[in-house]
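Biologist: Thanks for sitting down with me. Could you walk me through this model and show me the reasoning behind the words you use for it?

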Amino acid sequence: MSCKIDYQPAPSLLENRIVLVTGAGDGIGRAAALSYAQHGATVILLGRTIAKLERVYDEIEAAGGPQPAIFPLNFEGATLKDFHDMAKTLDKEFGRLDGLLHNAGLLGRITPFDQYDPELWQQVMQVNINGPIWMTQALLPLLQESDDASVIFTSSSVGRKGRAYWGAYSVSKFATEGFVDVLADELQSQPNIRINSLNPGATRTQMRRSAFPGEDPAALRSPEAIMPTYLWLMGPDSTGVSGQKLDAQPPRI
Ligand SMILES: NC(=O)c1ccc[n+]([C@@H]2O[C@H](COP(=O)([O-])OP(=O)(O)OC[C@H]3O[C@@H](n4cnc5c(N)ncnc54)[C@H](OP(=O)(O)O)[C@@H]3O)[C@@H](O)[C@H]2O)c1
C-alpha cells in the first residue's frame, strides 16, 4: 500500500475521538499528538518525561485544541498492574478509546551482536514490543467501546529487512510486524478495531541523530512533514484497512 504523504485531511477529521499517543513528548510522537489535537482529537499524552508532556499539553491548549490529558508512564518499569490501572482510569475518564498510536521507542545500541549487552537487549524489547503488547491487551475493552478504533504500531525499515548491528531494535520491530499480523487476523470478526503497522521512514529526530550522527539532518523530512499518513491511518478515511504494513513517506533515493 502506497504512503499517503499527499493526503489532505479535513480540519475536523478526528473530532470527538479519544486518541492515546505513547512517547508523546518528543520527536514523531510529539508531532502526532499536536497534529491529532489540531484535527479535533482529545489526546492522551503518554510518556516518561513529564516536563516534555507538559510542554506538548501547553502547546495544544495554546492552539485552541481540545483539552488533552497527561499520563506519565515509563515502559521500562511498567507492570501489568500499571497497564490495567491505566485502563481503569481511562475508562472512568473517557469510557472508550478511538485511537492508540504506539510510538514510544528505544534505539538501544548499534553494535556487533557479540558485544550486545543482554540487559540492554531486554530493555529495548520491553519498551518497543513487550510493554506495548500488554498495554494493548489492557486497553482492548476500551477500544471495543469505539465505533471505529485505529491501533497503529510504529515499525521501521529494519523491522522489514534485518540490518547488521541493529540488534534488539531490529528484532523488536520484526516482532511488532508479527504481532500486528496476529492481532489483525484475530480481530477480523471485530471490524470496529483495525490494527496496522506504520514505518515513519528516516525522520529528523533525536533517535535518528543517535543512529546516524554523521548525517545532515536538513536532508531528512521533519516529523510534521510525515503527519499526513499518521492522520489518514488514525481517521475515518482508512476505515476497513487492517493488518497492513504502511509507510509514512516514499523511500529515499
Ligand atoms: N526517526 C526515525 O527516523 C525513525 C525511523 C523509523 C522508526 N522510527 C520509530 O518512530 C518512533 C518514534 O521515534 P522518534 O524518532 O520520534 O524518537 P525520539 O525522538 O527518540 O522519541 C522517542 C519517544 O519515545 C519515548 N520513550 C523512550 N523510552 C520510553 C520509555 N521507556 N517509556 C516511555 N516512553 C519512552 C521518548 O520519551 P523521552 O522524550 O522522555 O525520552 C520519546 O518521547 C519509534 O518507535 C522509532 O523506533 C523512527
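Biologist: What is the order of the strands in the open sheet?

Modeller: Keep in mind that this is a predicted model. The 7 strands are ordered β3-β2-β1-β4-β5-β6-β7, and their pairing is parallel. Neighbouring strands are turned against each other by 20 degrees on average, direction ignored.

Biologist: Why do β3 and β7 stand at the edges?

Modeller: Each of them, β3 (69-72) and β7 (245-247), has a single partner strand, so one side of each has no neighbour in the sheet.

Biologist: What makes β4 and β5 a pair?

Modeller: Two strands pair when at least two bridges are found between them. Strand β4 (residues 99-102) is joined to β5 by 4 bridges, so the two meet that cut-off and count as paired. They run parallel. Within β4 and β5, leucine 101 stands opposite isoleucine 152.

Biologist: Let's move to the helices. Why are α4 and α5 called roughly parallel?

Modeller: Helix α4 (residues 118-144) packs against α5 at an angle of about 15 degrees, with the axes 8 Å apart. Angles under 35 degrees count as roughly parallel, and the angle of α4 with α5 therefore earns that name. Their crossing is right-handed.

Biologist: Which residues make the contact?

Modeller: From α4 they include Trp121, Val124, Met125, Asn128 and Ile129, and from α5 they include Ala168, Ser172, Lys173 and Phe179. By class, the contact has 11 nonpolar, 5 polar and 1 charged residues.

Biologist: How do you know that serine 172 is buried?

Modeller: Buried means under 20% relative accessible area. Serine 172 has 0%, so the label fits. This serine lies in helix α5. Leaving aside neighbours within four places in sequence, serine 172 is in contact with Val124, Met125, Asn128 and Ile129.

Biologist: And asparagine 16, why is that one called exposed?

Modeller: The cut-off for exposed is over 50%. Asparagine 16 has a relative accessible area of 61%, so it qualifies. You will find asparagine 16 in the segment before β1 (18-22).

Biologist: What is the phi of asparagine 16?

Modeller: Its phi is near 65 degrees, a positive value in a residue other than glycine. Most residues other than glycine have a negative phi. Tyrosine 165 also has a positive phi, near 80 degrees. Tyrosine 165 sits in the loop between β5 (149-154) and α5 (167-186).

Definitions and conventions
Residues are numbered from 1 along each chain as its sequence is written. This is a predicted model: local features need pLDDT of at least 70, side-chain atom pairs count only at pLDDT 80 or more; totals for chains, interfaces and linings use all residues. Side-chain values use heavy atoms; hydrogens and water are left out. Buried means under 20% relative accessible area, exposed over 50%, partly exposed in between (1.4 Å probe, protein chains only). Axes are lines fitted to C-alpha atoms, for helices over the stretch in contact, and angles run from 0 to 180 degrees between N-to-C directions. Angles under 35 degrees count as roughly parallel, over 145 as roughly antiparallel, 65 to 115 as roughly perpendicular and the rest as oblique. A crossing is left-handed if the near helix is turned anticlockwise from the far one by less than a right angle, and right-handed if clockwise. Contact means heavy atoms within 4.5 Å. Ala, Val, Leu, Ile, Met, Phe, Trp, Tyr, Cys and Pro count as nonpolar, Asp, Glu, Lys and Arg as charged, and the others, Gly among them, as polar.
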